[in-house]
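Subject: Structure for your review

Dear colleague,

Please find below the structure that I am handing over to you. My notes on it come after the display, and I would be grateful if you read them with the coordinates open.

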There are 2 protein chains.
Amino acid sequence: MEKFIMPNQTEIEKVGNLFKIIGDSTRLKLIFLLLEKPKTVSELCQTSGCSQSLVSHQLKILKDNYIVSSSKQGNFVTYFLIDEHISILLNICRTHINEKEN
Amino acid sequence: MEKFIMPNQTEIEKVGNLFKIIGDSTRLKLIFLLLEKPKTVSELCQTSGCSQSLVSHQLKILKDNYIVSSSKQGNFVTYFLIDEHISILLNICRTHINEKEN
DNA sequence: TGACAATATGAACAACAATTCATATACTAA
DNA sequence: TTAGTATATGAATTGTTGTTCATATTGTCA
């Protein structure tokens, strides 16, 4: 049990925003794909089955929220997850789901 | 580092849904208030500053998603968090935010 | 340079979700 | 039973967000 400190409204909104970002199937799929290993936009399009435009739009949102970063080699842009918190969050969430639902 | 297993579409949607539930400021505020200790609807209205109707609506969503439960004594209904996963999720998220933003 | 490939982006649309308002239900106490 | 309190809920509205479409940008290689 961690010590609990009630966050102020600003922090509540930041936390809420992070969960909102992850709380979308398309973005979450991209995150899971990147969890395996870094990938280019076109690889993400293929493996996710989403359109190129949609993938780019959602990657931008993930990037603006410090969840992924990218590097460019020629025409290709490779995206990767920035840190491990996301991975931990996802694992806890999956545990929660498996316990609470059928 | 945890072992990684790519989830299927169904699991992705479940995980996404859970994050979506938490990813709303009003619900998150209620969760934080309940993290301190169980509270009645009217207590939640007072401490959150939200209308009674809004609080009830959002509590229903939290309940439908197995995040809170409730018990009734007379006219009053006390809500409480079901398990500790939420608390862990929130702490990780707060850590993430403090590291990545100013 | 010109043609092509990979990615990004603005605008429009459609779907969805949060909030409010009015009212219903359930319970208590007189 | 009646009045009053706590909570729940349906419908309407408003705001937000995901997705698509068309097009722009950036880089490669003949």
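The notes below take up the two DNA strands in turn and then the helix packing in chain A.

Please bear in mind throughout that this is a predicted model.

DNA strand D

The protein surrounds DNA strand D with 24 residues. The closest of them are A:R27 and A:S53 from chain A, and B:S42, B:H57 and B:Y79 from chain B. Of the strand D atoms that come within 4 Å of the protein, 61% are sugar and phosphate atoms.

Two polar contacts reach phosphate oxygens of this strand. A polar side-chain atom of A:R27 is placed 2.5 Å from a phosphate oxygen of DNA strand D, and a polar side-chain atom of B:Y79 lies 2.7 Å from a phosphate oxygen of the strand. A base is also contacted: an N or O atom in the side chain of A:H57 is 3.3 Å from a base oxygen of DNA strand D.

Which elements give two or more residues to the surface near DNA strand D? Chain A supplies α2 (25–36) and α4 (52–64), while chain B supplies α3 (41–48), α4 (52–64) and β3 (76–81). The element that gives the most is α4(B), with 5 residues. Divided by class, this surface has 14 polar, 5 nonpolar and 5 charged residues.

DNA strand C

Around DNA strand C there are 23 residues, the closest being A:Q52, A:H57, A:Y79, B:R27 and B:S53. Sugar or phosphate accounts for 56% of the strand C atoms within 4 Å of the protein, and bases account for the rest.

Here, too, both base and phosphate oxygens are involved. An N or O atom in the side chain of A:S53 lies 2.8 Å from a base oxygen of DNA strand C. A:V77 takes part through its backbone, with a polar backbone atom 3.2 Å from a phosphate oxygen of DNA strand C. From chain B, a polar side-chain atom of B:Q58 is 3.3 Å from a phosphate oxygen of the strand.

The elements giving two or more residues to the surface near DNA strand C are α3, α4 and β3 (76–81) of chain A, along with α2 (25–36) and α4 of chain B. With 5 residues, α4(A) gives the most to this surface. By class, the residues near DNA strand C comprise 14 polar, 5 nonpolar and 4 charged.

Helix packing in chain A

Helix α2(A) packs against two other helices, α3(A) and α4(A). The axes of α2(A) and α3(A), the latter covering residues 41–48, come within 10 Å and cross at roughly 115 degrees, so the two helices are roughly perpendicular to each other. The crossing is right-handed. On the α2(A) side the contact involves A:K29, A:L30, A:L33 and A:L34, which meet A:L44, A:T47 and A:S48 of α3(A). This contact has 4 nonpolar, 2 polar and 1 charged residues.

The axes of α2(A) and α4(A) also come within 10 Å, crossing at roughly 80 degrees; these helices are therefore roughly perpendicular to each other. Here α2(A) contributes A:T26, A:R27, A:L30 and A:I31, and α4(A) contributes A:L54, A:V55, A:Q58, A:L59, A:I61 and A:L62. By class, the residues of this contact are 7 nonpolar, 2 polar and 1 charged.

A:R27 thus appears both in the contact of α2(A) with α4(A) and among the residues closest to DNA strand D.

With kind regards

Methods. Residues are numbered from 1 along each chain as its sequence is written. Chains are lettered from A and ligands numbered from 1 in the order in which they are written. This is a predicted model: local features need pLDDT of at least 70, side-chain atom pairs count only at pLDDT 80 or more; totals for chains, interfaces and linings use all residues. Side-chain values use heavy atoms; hydrogens and water are left out. A residue is near a molecule or strand if one of its heavy atoms lies within 4 Å of it. A polar contact is a pair of N or O atoms within 3.5 Å; within protein, one must be able to donate a hydrogen and the other to accept it, and residues adjacent in sequence count only if both atoms are side-chain atoms. Helices (H or I, at least four residues) and strands (E, at least two) are DSSP runs, numbered from the N terminus. Ala, Val, Leu, Ile, Met, Phe, Trp, Tyr, Cys and Pro count as nonpolar, Asp, Glu, Lys and Arg as charged, and the others, Gly among them, as polar. Axes are lines fitted to C-alpha atoms, for helices over the stretch in contact, and angles run from 0 to 180 degrees between N-to-C directions. Angles under 35 degrees count as roughly parallel, over 145 as roughly antiparallel, 65 to 115 as roughly perpendicular and the rest as oblique. A crossing is left-handed if the near helix is turned anticlockwise from the far one by less than a right angle, and right-handed if clockwise. Contact means heavy atoms within 4.5 Å.
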